[in-house]
Amino acid sequence: MTSLSARVVAYASVREFVPLYGLYALLFEDHGLDTRSISSLFVLWSVVAFVSEVPSGAWADTVSRRGLLFGSGALLTAAFTMWLVWPGYWGFALGFVLWGISESMKSGTFEALVYDELVARGCEHRYAAIMGYANAGEMTCVFVAILTAAPLFELGGYALVGWVSVAITVVDIALVGTLPAAPKVEEADEIAGRGDTVLVRYMSSLRAGTSEIRTDRVVRRSVVLAAALLACLAFDEYFALLARESGAETGFVPVLVALTAVGQVVGAATAGRTATMSGRTMGAVVVVGSALIAGGALAGGIAGFTAIGVGYGALHNTAIVAEARLQDTMSGRARATVSSVVGLTSEVLSVAVFAAYALGSLWLPMAALVAVTVLPLVGLGVVAPRLLPAARPAGTERER
C-alpha cells in the first residue's frame, strides 16, 4: 500500500509542479489582454474540457487508462509550449484548447484507475486518504512552484518560467509508467469472451455511466455535490490578478498566491481524517470557508490571502470527501464515465463563474468580484446535508 500511495502521489504531484501557474494570468495581461479577454480564455478552456470530458471518460472505461494519461501529459506539454512560441491571444487560446483536452483525458481516468486498484487489493476504504495525500502533494508542488516562479522570473522573465514548466511536464509523462494497471470492474477476459469491438465497448460504457446517473438518485445527488464543490476551485484563476490589484509587485504576487496553496495542502492532507464527516458538518465547513474567502478578498494583503488560503483549503477538503463518497456510491462498471460527468458538470459551472467575472469586471474591482461570486456557495452549504451520501463502513458494499 505504501508503494501504491507513493506512486500515485508522485505522479499527481509532479504534474502540478508548474512555476507558470503563479504568473500566467500576468503573462496574459502583460501581452495586452484585459480581464474580459482573460476570462474568455478561461471560458474556452472550460468549454473544451466539458465537451471532451464524458467521451474521454468512456474511453477510460474501454481502453488503457495509462495510455490516456500518457496522451494527457503530451498535450499538457504542447499547451505550455504554445504559449511560449506564440505569446498572443490566439496562441494562448490554442494552448488552452490543448490543456482542456489534456485535463478531460486525466479527469475521471486517474480517479478510476486508483479506485479500481484499491478494489483489487480490498482496500477501497483507503481511497479518500490516498487521494487526499495525492491532492496534498499536488498543492505542495503548486506552492513550491509558485514560489519558484519569483526567482525564475527575476533571472529570465516569463521565458525561463515557461520552459522550466515545460520540462517538468515531460518528467511527469515518464511517471505515468509507474502507475498500476488494475483490471476494471468489468474484467478484460469477460469483454474478450463477448467478442465486442472497441467501439461497442465504448458505447456500452457510455450508456452504462449515464444510465446510472439518470436512474440512481443517490449517485445523481453525489455527482451534483462533487461537481459544485470542484467548480468552487475555479476562483483561483483570478488570485494573481487580485494580488496585483491590491498593490503587490509582480515578483511578490507568487508569494501571496502561494499562501492559498498552503491552505489547500492542509485541506487535502486531512481528507482521510474527515472522510466520514456528516452532511451537516460539510455544509457548515462550506459556509465558513466561503465567508473566509470573501472576507480575505476584501481585506487583501498577507492577512487577506491567509484567510483565503484557509477557506480555500476547507473547500478543497470537502471536494475530496464528496468525490470519495461518489466512488463508494456508484456501481463501478463505468467508473471513469461517471467520474467524468462530475468533471463535465463542474466545467459547466466554471464557465458561469468565468462569465460572471468577465461581465462583472465592467463595474466591480477584482476584490468585490471574488466576494460576490463566492456568495452562492452559502446556498450549497445549506443543501449539502441532502446531497452527501452517508459514509459506508470499511469492507461493506452499498445496498442496491
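Contact here means heavy atoms within 4.5 Å. The notes below concern a predicted model.

1. **Thr260 and its neighbours.** Thr260 sits in helix 12, which spans residues 253-269. Leaving out residues up to four places away in sequence, Thr260 touches Phe239, Phe305, Ile308 and Gly309. Is Thr260 buried or exposed? Its relative accessible area is 3%, so it is buried, the cut-off being under 20%.

2. **Phe239 and Tyr312.** Phe239, one of the residues touched by Thr260, is also half of an aromatic pair with Tyr312. The ring centres are 5.3 Å apart. The planes stand at 70°, so the pair is edge-to-face. Phe239 belongs to helix 11 (residues 239-245) and Tyr312 to helix 15 (residues 301-329). The two are 73 residues apart, and the pair links distant parts of the chain. Both Phe239 and Tyr312 are buried.

3. **Leu241, also in helix 11.** Helix 11 holds Leu241 as well. Leu241 is buried, with a relative accessible area of 7%. Its contacts, not counting residues up to four places away in sequence, are Ala25, Leu26, Glu29, Ile38 and Met366. Take Glu29 from that list. Leu241 and Glu29 are 212 residues apart in sequence, yet their C-alpha atoms are 8.9 Å apart in space.

4. **Phe28 and Phe92.** How many aromatic pairs does a search of the whole structure find? The count is 30. One of them joins Phe28 and Phe92, with 4.6 Å centre to centre and 50° between the planes. That geometry is classed as tilted. Phe28 lies in helix 2 (residues 24-30) and Phe92 in helix 5 (residues 89-106), so the pair ties together parts that are 64 residues apart in sequence. Phe28 is buried at 0% relative accessible area. Phe92 is buried too, also with a value of 0%.

5. **The nonpolar cores.** The largest nonpolar core has 92 residues. Which members touch the most other members? They are Tyr24, Phe28, Trp99 and Met282. Phe28 therefore has two roles here: a partner in the tilted pair and one of those four core residues. Trp99 touches Tyr21, Tyr24, Trp45, Leu76, Ala79, Phe80 and Trp83, with residues up to four places away in sequence left out. Among these contacts is Tyr24, another of the four. A second, separate core has 19 residues, including Val8, Ala12, Leu69 and Cys123.

6. **Ser13 in helix 1.** Ser13 lies in helix 1, residues 2-15. It is buried, with a relative accessible area of 7%. Not counting residues up to four places away in sequence, Ser13 touches Ala134, Gly137, Glu138 and Cys141.

7. **Ile168 in helix 7.** Helix 7 runs over residues 127-175 and contains Ile168. Ile168 is buried at 15% relative accessible area. Leaving aside neighbours within four places in sequence, Ile168 is in contact with Val14, Phe17 and Pro19. Separation from Val378 is another matter. Ile168 and Val378 are 210 residues apart in sequence and 38 Å apart in space, C-alpha to C-alpha.

8. **Val262, back in helix 12.** Val262 is found in helix 12, which also holds Thr260. Val262 counts as partly exposed, at 35% relative accessibility, whereas Thr260 is buried. The C-alpha atoms of Val262 and Thr140 are separated by 7.0 Å. Along the chain these two residues are 122 apart.

9. **Helices 17 and 18.** Helix 17 covers residues 366-374 and helix 18 covers residues 376-387. What is the angle at which they pack? It is about 25°, with the axes 4 Å apart. That makes helix 17 roughly parallel to helix 18, because angles under 35 degrees are classed that way. Val372, Thr373 and Val374 of helix 17 meet Pro376, Leu377 and Val378 of helix 18. By class, the contact has five nonpolar residues, one polar and no charged. Val378 is thus part of this contact, and Met366, touched by Leu241, falls within the range of helix 17, residues 366-374.

How values were computed: Residues are numbered from 1 along each chain as its sequence is written. This is a predicted model: local features need pLDDT of at least 70, side-chain atom pairs count only at pLDDT 80 or more; totals for chains, interfaces and linings use all residues. Side-chain values use heavy atoms; hydrogens and water are left out. Axes are lines fitted to C-alpha atoms, for helices over the stretch in contact, and angles run from 0 to 180 degrees between N-to-C directions. Angles under 35 degrees count as roughly parallel, over 145 as roughly antiparallel, 65 to 115 as roughly perpendicular and the rest as oblique. Ala, Val, Leu, Ile, Met, Phe, Trp, Tyr, Cys and Pro count as nonpolar, Asp, Glu, Lys and Arg as charged, and the others, Gly among them, as polar. Rings of Phe, Tyr and Trp (its six-membered ring) pair if their centres lie within 6.5 Å; planes under 30 degrees apart count as stacked, over 60 as edge-to-face and the rest as tilted. Buried means under 20% relative accessible area, exposed over 50%, partly exposed in between (1.4 Å probe, protein chains only). A nonpolar core is a set of buried Ala, Val, Leu, Ile, Met, Phe, Trp, Tyr and Cys residues joined through side-chain atoms within 4.5 Å.
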